[in-house]
Amino acid sequence: YISEDIEVYVKNMQVKKSGEVISLSKTELQLLIYLFENAGHILSKESILENVWGNDGQFVDDNVVTVNISRLKNKLRTDGIENIRGLGYLWTEKVSRK
């Protein structure tokens, strides 16, 4: 996937920003891929928990979504993830598949 200056290589689980490799945890990578796959669509915390953490997010505090989104934004130095108050999160940039 490519979005602006962020590239995600799913096969080797690698993320680059402006050509520089960015170290993400497995969960952060899964979260980024889920956001990319649903770019332009608001994703509820519940949907993110279910699709990234599985098991309908059982045994996981929903605050974990907020924390991981924040980490992802910081690591990628991006404004592409928008918090839609009361609804969820939205990847605002265009995403294309390689």
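This passage describes the fold, the core and selected residues of a single chain.

The model is a predicted one. Its chain contains 3 helices and 6 strands. Read from the N terminus, the elements follow the order β-β-β-β-α-α-α-β-β. The radius of gyration is 13 Å, close to the 13 Å that the globule rule gives for 98 residues, so the chain is as compact as a globular protein of that length. The C-alpha trace spans about 35 × 25 × 20 Å along its principal axes.

Several totals describe the chain as a whole. Of the 98 residues, 36% are buried. Among contacts with a separation of 6 or more, 53% join residues that are 24 or more positions apart. The accessible surface amounts to about 5900 Å². Carbon and sulfur atoms hold 44% of that surface. The chain carries 13 positive and 14 negative charges. The mean positions of these two sets lie 6 Å apart.

The interior comes next. The largest nonpolar core comprises 24 residues. Val8, Val15, Leu32, Leu35, Ile48 and Leu72 have the most contacts inside it. Five elements each supply at least two residues of this core: β2 (6-9), α1 (26-37), α2 (45-53), α3 (63-76) and β6 (88-91). Helix α1 gives the most, with 7 residues.

Helix α2 offers a view of the packing. Its buried residues are Ser47, Ile48, Leu49 and Val52. The cover over these residues includes α1, α3 and β6. Ile48 is also one of the core residues with the most contacts. Leaving out residues up to four places away in sequence, Ile48 touches Leu31, Tyr34, Leu43, Trp53, Val65 and Tyr89. After α2 comes Gly54. The phi of Gly54 is positive, near 75 degrees.

Positive phi values also appear in residues other than glycine. Ser18 is one of them, with phi near 50 degrees. Ser18 sits in the loop between β3 and β4. Its relative accessibility is 57%, so Ser18 counts as exposed. Arg77 is not a glycine either, yet its phi is positive, about 45 degrees. Arg77 belongs to the loop between α3 and β5 (81-84).

Arg77 also takes part in the surroundings of Lys17. Lys17 is part of strand β3 (residues 14-17). Is this lysine, Lys17, buried or exposed? Its relative accessible area is 9%; the cut-off for a buried residue is under 20%, so Lys17 is buried. Neighbours within four places in sequence aside, Lys17 is in contact with Asp5, Ile6, Ile22, Leu76 and Arg77. Of these contacts, Ile6 falls within β2 (6-9). Ile22 falls within β4 (20-22). Leu76 falls within α3 (63-76).

The loop between β4 and α1 holds two serines of interest, Ser23 and Ser25. Ser23 has a relative accessibility of 60%, so this residue counts as exposed. Ser25 has a relative accessible area of 31%, and is therefore partly exposed. Each serine was compared with a residue further along the chain. Ser23 and Lys75 are 52 residues apart along the chain. Their C-alpha atoms are separated by 8.0 Å. Ser25 and Asn68 are 43 residues apart along the chain. The separation of their C-alpha atoms is 9.7 Å. Lys75 and Asn68 both fall within the range of α3 (63-76).

Glu4 lies in another loop, the one between β1 (2-3) and β2. With a relative accessibility of 57%, Glu4 counts as exposed. How far is Glu4 from Ser44 in space, C-alpha to C-alpha? The distance is 23 Å, for two residues 40 apart in sequence. Glu4 does have contacts with other parts of the chain. It touches Glu93 and Lys94, not counting residues up to four places away in sequence.

Terms used. Residues are numbered from 1 along each chain as its sequence is written. This is a predicted model: local features need pLDDT of at least 70, side-chain atom pairs count only at pLDDT 80 or more; totals for chains, interfaces and linings use all residues. Side-chain values use heavy atoms; hydrogens and water are left out. Helices (H or I, at least four residues) and strands (E, at least two) are DSSP runs, numbered from the N terminus. The radius of gyration is taken over C-alpha atoms; the globule rule is 2.2 Å times the number of residues to the power 0.38. Buried means under 20% relative accessible area, exposed over 50%, partly exposed in between (1.4 Å probe, protein chains only). Contact means heavy atoms within 4.5 Å. Accessible areas come from the Shrake-Rupley method with a 1.4 Å probe; for residues, only the protein chains shown count as cover. Lys and Arg count as positive and Asp and Glu as negative; His and the chain ends are not counted. The place of a charge is taken as NZ of Lys, CZ of Arg, CG of Asp or CD of Glu. A nonpolar core is a set of buried Ala, Val, Leu, Ile, Met, Phe, Trp, Tyr and Cys residues joined through side-chain atoms within 4.5 Å.
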